[in-house]
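Visitor: Got a minute to walk through this one with me? I'd like to start with a single contact and work outwards.

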Amino acid sequence: MTTSEKRTRIWLDGCFDSGHFAHFNAVRQALTLVPSELPVHITVGVHSDAEILKNKGPPLFGERERYDVIRGCRWVDQVVEDVPYVTQLSTIDQYNIDFVVHGDDPVLDADGNDCYAFAKAAGRYVECKRTAGISTTSLIERILHPDKPRISSEEPLRELLRAFSQSATPNVPVLTGEKAVLPEEFPATRALTCGAWDCFGAGHVELLRRAREAGGGSLIVGVWDDATVEEVTGEKPLLAHLERALALVQCRHVDAVILHFPRTPSLSLLSSLGVSNVVTFGETYDADTSIKVLTVDCPPLQTVALLREKVHAQLQLFEDRQRRKGA
Ligand code: CTP
């Protein structure tokens, strides 16, 4: 990096487990929270499975998946894999970090000491607001108790969608349903893909990358509502419609998101979106001849069924983890 490219370097670390939007929101908030005139450079340090197991209990997503999901976040510049659970000054210095950012929940080491005391003492600690309504613990609860009622207020999620959309450069339009029309300035070469995007994992990031590459321009992504997901997969999604949309907006391979996207989009919807290519991953798709259908290999995807299997295979460990978290 030359002097003219000088940036304020920010560090966030954590487990970044289960691909949920609170982690992306912490990174997003870090963009604007630090006192800096310069553009920021964000480095995310991610703990290994062994570190999480030792300090917290088993993670839901494996380490490779956790590293690759956060690497797919549009606001992340660099990912450091396998960082110690307790942040070390030497690590921060190694990456020339100006500020450490963390959510406003206390983070204590095994002896009850504040993990970020050194950064606070040096005036290099900035707190972001923890995102309410989601955590890895709450997702494990959803897996263990699928019939328990979930918090269903949509307004905070809509607000967050607006914030995510506006924090992207250029902004990521988030539109709804059959009457969706993209802004005039949206790039002309447009491919579309759609799906559930539940349990957003490394496979989803890779799938979106492949879809965008195949389309050769911008990628519009349709997200099915909960009823459509249930109809297609035979079970309720782990994350609700707007929660799944948030995972899309933060992803660096996505240029626009369409909510309540139909399972089989009409030709009028595709033409009002100005789509020239539809990208599919093996499923057949009947489109008008004016729409080109591109079929791309689908990488292995994270699913509720796989996560349920993992939790039930280590039930005692997961239950102990939940108990320690007061779930
Ligand atoms: N974070 C947040 N809001 C949440 C969950 C996490 O702002 N609801 C922030 C944390 O404060 C931290 C970063 O996301 O700065 C990574 O957190 P991580 O250690 O991965 O997660 P936890 O705090 O343990 O939360 P979770 O149970 O969701 O894994």
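Guide: Sure. This is a predicted model. In it, the side chain of D255 comes to 2.6 Å from the backbone nitrogen of L219.

Visitor: What else does the side chain of D255 make a polar contact with?

Guide: With the side chain of R212, at 2.8 Å.

Visitor: And where does D255 sit? Is D255 buried or exposed?

Guide: D255 is in the loop that links α10 (241–249) to β9. Its relative accessibility is 16%, so D255 counts as buried, the cut-off being under 20%.

Visitor: Let's move on to β9. Which residues are on each face of that strand?

Guide: Strand β9 covers residues 256–259, with A256 and I258 on one side and V257 and L259 on the other. These four are all buried, so both faces are covered, taking buried as under 20% relative accessible area.

Visitor: Which strands run parallel to β9?

Guide: Strand β6 (residues 174–176) does, through 3 bridges, and strand β8 (residues 218–223) does too, also through 3 bridges. On the β6 side, T176 stands opposite L259. On the β8 side, V221 is the residue opposite V257.

Visitor: What comes after β9?

Guide: A loop that leads to α11 (267–272), and H260 is in it. H260 isn't a glycine, yet its phi is positive, about 50°. Its relative accessible area is 36%, which makes H260 partly exposed.

Visitor: Where else is there a positive phi in a residue other than glycine?

Guide: At C199, where phi is near 50°. C199 is in the loop between β7 (190–195) and α8 (202–215). With 1% relative accessibility, C199 counts as buried.

Visitor: Why point those out?

Guide: Because most residues other than glycine have a negative phi, and most peptide bonds are trans.

Visitor: Speaking of peptide bonds, which one is cis?

Guide: The bond from T169 to P170 is cis, with omega near -10°. P170 belongs to the loop between α7 (155–167) and β6.

Visitor: Switching to the ligand now. How many residues surround it, and which are the closest?

Guide: There are 17 around the ligand, and the closest are F16, H20, K56, R130 and T136. By type, the shell splits into 5 nonpolar, 9 polar and 3 charged residues.

Visitor: What distances do you get for polar atoms around the ligand's oxygens?

Guide: An N or O atom in the side chain of K56 is 2.4 Å from a ligand oxygen. For G103, a polar backbone atom is 3.0 Å from a ligand oxygen. D105 has a polar side-chain atom 3.1 Å from a ligand oxygen.

Visitor: And how much of the ligand does the protein bury?

Guide: 96% of the 550 Å² that the ligand exposes when taken alone.

Visitor: Which elements give two or more residues to that shell?

Guide: α1 (21–33), β4 (99–103) and α6 (136–144). The largest share is from α1, with 3 residues.

Visitor: Last topic, β1. How many of its residues are buried?

Guide: 7 of the 7, at residues 8–14, so strand β1 is largely enclosed by the rest of the structure. T8, I10, L12 and G14 are on one side, with R9, W11 and D13 on the other. β1 runs parallel to strand β2 (residues 40–46), joined by 7 bridges, and D13 stands opposite G45 in β2.

Visitor: What does UniProt say about domains here?

Guide: An unreviewed UniProt entry places "domain: Cytidyltransferase-like" at residues 12–142 and 192–283. In this model, the span 12–142 is 36% helix and 18% strand, with its end C-alpha atoms 27 Å apart.

Notes
Residues are numbered from 1 along each chain as its sequence is written. This is a predicted model: local features need pLDDT of at least 70, side-chain atom pairs count only at pLDDT 80 or more; totals for chains, interfaces and linings use all residues. Side-chain values use heavy atoms; hydrogens and water are left out. UniProt positions are given in the numbering used here, feature names are shortened, and annotations may be inferred rather than shown by experiment. A residue is near a molecule or strand if one of its heavy atoms lies within 4 Å of it. A polar contact is a pair of N or O atoms within 3.5 Å; within protein, one must be able to donate a hydrogen and the other to accept it, and residues adjacent in sequence count only if both atoms are side-chain atoms. Accessible areas come from the Shrake-Rupley method with a 1.4 Å probe; for residues, only the protein chains shown count as cover. Ala, Val, Leu, Ile, Met, Phe, Trp, Tyr, Cys and Pro count as nonpolar, Asp, Glu, Lys and Arg as charged, and the others, Gly among them, as polar. Buried means under 20% relative accessible area, exposed over 50%, partly exposed in between (1.4 Å probe, protein chains only). Two strands pair if DSSP finds at least two bridges between them.
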